[in-house]
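Subject: Handing over the structure

Dear colleague,

Here is the structure I promised to pass on to you. Please open it beside this message, and then read on for what was found in it.

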Amino acid sequence: MRKMLNTLYVTREEGYLSLDGENIVLTENGKELVRIPFTNLESIFCFNYPGCSPALMGKCAKENIGLCFISPAGRFLARVTGETKGNVFVRKRQLELFSDSAVRLSFIRSLIGAKIRNTRNLLLRSRRDYPSLDESGDLTHCLDLLSDNQKKIATASDPDVLRGLEGESAKAYFYIFDRLFVQQQADFHMSGRSKRPPLDRVNAMLSFLYTICTNDIASALECVGLDPYIGVFHTLRPGRVSLACDLMEEFRAVIERMVISAVNLKVIRKEDFDVQVSGAVLLNDEGRKKVLSLWQNKKREVVVHPYLKEKVELGLFPYIQANLLSKFVRGEIAEYPNLQVN
């Protein structure tokens with residue numbers, strides 16, 4: 001259990017929250033572990049199975065402290081809010097802000113810039129670890145293109161131009177992506193990004209993990225009162241969590257690096273996939289179990305959050321970014337700090 005940005009995160013799966021006077025108490029198997037005061041709390045995120053006491057829920061409602069319940073796997077379950085703190089005002093402000101053309105342009109520019117920056121960092125790290133990957137010079141060529149596009153993004157004033165730069169960068173990146181596999185090269189080859197359906201094993205893993213992470217982000221947005229369906233970069237479409245897809249752009253490099261490691265360490269093999277009659281390639285039951293286990297372990301990694309400068313479990317990053325975006329929407333911070341992955 002830790003407090004960040006006036007938000008309390010409860011990550012002990014068997015922990016139970018209760019109220020003692022003006023204090024929140026975390027217990028596990030009847031033993032008190034942590035006690036903190038209610039002072040200055042804005043919201044509580046519970047990733048635990050037992051939940052919390054009715055008295056604590058009542059206190060949160062009375063004091064207008066948002067209380068969210070999320071499964072340990074990251075699925076949004078429920079939210080408790082006070083009578084006057086309904087998220088209708090936050091969502092109204094979200095609609096107003098995202099309808100402003102200048103704000104939309106700035107937000108799209110920062111999202112794409114963050115995505116390309118994180119992608120470049122991934123490639124630079126791979127080249128540093130395996131210099132032989134760049135014998136043909138293609139990796140350096142891609143890095144140069146991404147660097148040039150970063151500069152163009154900083155001055156572009158048309159959202160369609162920004163989308164074009166993002167598409168060009170993604171195409172160049174995925175053209176060389178499978179060269180980052182130094183093991184199992186014959187079994188994990190891709191000739192570009194294919195989505196619906198994925199046509200090779202690499203795309204199958206990427207699509208599966210992108211979907212899981214997007215759902216985590218959508219849960220986080222629900223928790224802070226933002227509408228995950230109203231985005232900026234991704235067009236509005238029934239059933240699409242467009243804002244979650246927007247923030248997902250910042251997380252892609254995390255997933256892509258994990259896929260590279262899983263293949264190079266031979267944790268994932270060709271036997272973990274099935275090829276359909278249609279040509280689609282999908283993870284089989286055993287493959288899904290392996291990938292989900294890798295993802296859950298990845299989320300437990302403790303790293304320094306680039307904005308907070310604090311050590312945090314990677315699985316909390318979607319909730320921190322959603323919280324920061326909510327503060328931006330409410331006008332509490334001047335700009336939304338994108339996630340930077342080194």
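A good place to start is Lys115, which counts as buried because its relative accessibility is 13%, below the 20% under which a residue is called buried. Please keep in mind throughout that this is a predicted model.

Lys115 does not sit there without a partner, since it forms a salt bridge with Glu249, in which the closest N and O atoms are 2.9 Å apart. The two residues belong to distant parts of the chain, with Lys115 in helix α3 (residues 101-129) and Glu249 in helix α7 (residues 242-264), 134 residues apart. Glu249 is buried as well, because its relative accessibility is 4%. Side chains of opposite charge can pair when their charged atoms come close. The pair is also part of something wider, for Lys115, Glu166, Glu249 and Arg252 are linked in a network of salt bridges.

While you are looking at α3, you may like to follow the helix from end to end: it has 29 residues and reaches 42 Å from its first C-alpha to its last, which is close to the 42 Å expected at 1.5 Å a residue. Its N-terminal end is capped by Asp100, which places a side-chain oxygen 2.9 Å from the backbone nitrogen of Ala102.

How many salt bridges does the model come to by this rule? The count is 20, and two further examples make a useful pair to set side by side.

One of them joins the side chains of Lys299 and Asp216, with 3.4 Å from N to O. Lys299 lies in helix α8 and Asp216 in helix α6 (residues 201-223), so this salt bridge ties together parts that are 83 residues apart in sequence. Lys299 counts as buried because its relative accessibility is 10%, and Asp216 counts as buried because its own value is 6%.

Another salt bridge is the one in which the side chains of Arg163 and Asp160 meet, at 3.9 Å from N to O. Here the partners are three residues apart in helix α5 (residues 159-176), so they are separated by about one helical turn. An α-helix has 3.6 residues a turn, so residues three or four places apart point the same way. As for their surroundings, Arg163 counts as partly exposed at 27% relative accessibility, whereas Asp160 is exposed, with a relative accessible area of 55%.

Helix α8 deserves one more look, for Lys298 is also found in it, within residues 285-299. Is Lys298 buried or exposed? Lys298 is buried, because its relative accessible area is 16%, and, once its neighbours within four places in sequence are left aside, it is in contact with Val254, Met258 and Leu314.

Next, please turn to the largest pocket, which holds about 850 Å³ of space. Of the 29 residues that line this pocket, the closest to its centre are Arg193, Lys195, Arg196, Tyr210 and Arg252. You will have met Arg252 already, as a member of the salt-bridge network described above. The elements that give two or more residues to the lining are α5, α6 and α7, and among these α5 gives the most, with eight residues.

Two other places are worth a careful visit. The first is Arg35, found in strand β5 (residues 31-37), which is partly exposed, with a relative accessible area of 36%. Arg35 touches Asp20, Asn23, Ile24 and Val25, not counting residues up to four places away in sequence. Its side chain is joined to that of Asp20 by a polar contact of 2.7 Å, and to that of Glu32 by a polar contact of 3.1 Å.

The second is Asp227, which is found in the loop between α6 and α7 and counts as buried because its relative accessibility is 15%. A polar atom of the Asp227 side chain lies 2.9 Å from the backbone nitrogen of Tyr229. Leaving aside neighbours within four places in sequence, Asp227 is in contact with Arg91, Gln94 and Leu243.

With kind regards

Notes. Residues numbered from 1 in each chain as written. Predicted model: local features only at pLDDT ≥ 70, side-chain atom pairs only at ≥ 80, totals over all residues. Heavy atoms only, no water. Helix = DSSP H or I, 4+ residues; strand = E, 2+ residues; numbered from the N terminus. Buried < 20%, exposed > 50% of the residue type's maximum accessible area, 1.4 Å probe, protein only. Contact = heavy atoms within 4.5 Å. Salt bridge = Lys/Arg side-chain N within 4 Å of Asp/Glu carboxyl O. Expected span 1.5 Å × (residues − 1). Polar contact = N/O pair within 3.5 Å; in protein donor to acceptor, adjacent residues only side chain to side chain. 1 Å grid on protein atoms, 1.4 Å probe; cavity = no way out; pocket = protein on both sides within 12 Å on 5 of 7 lines; lining within 4 Å. Points joined across faces, edges and corners; volume = space filled by probe spheres on them.
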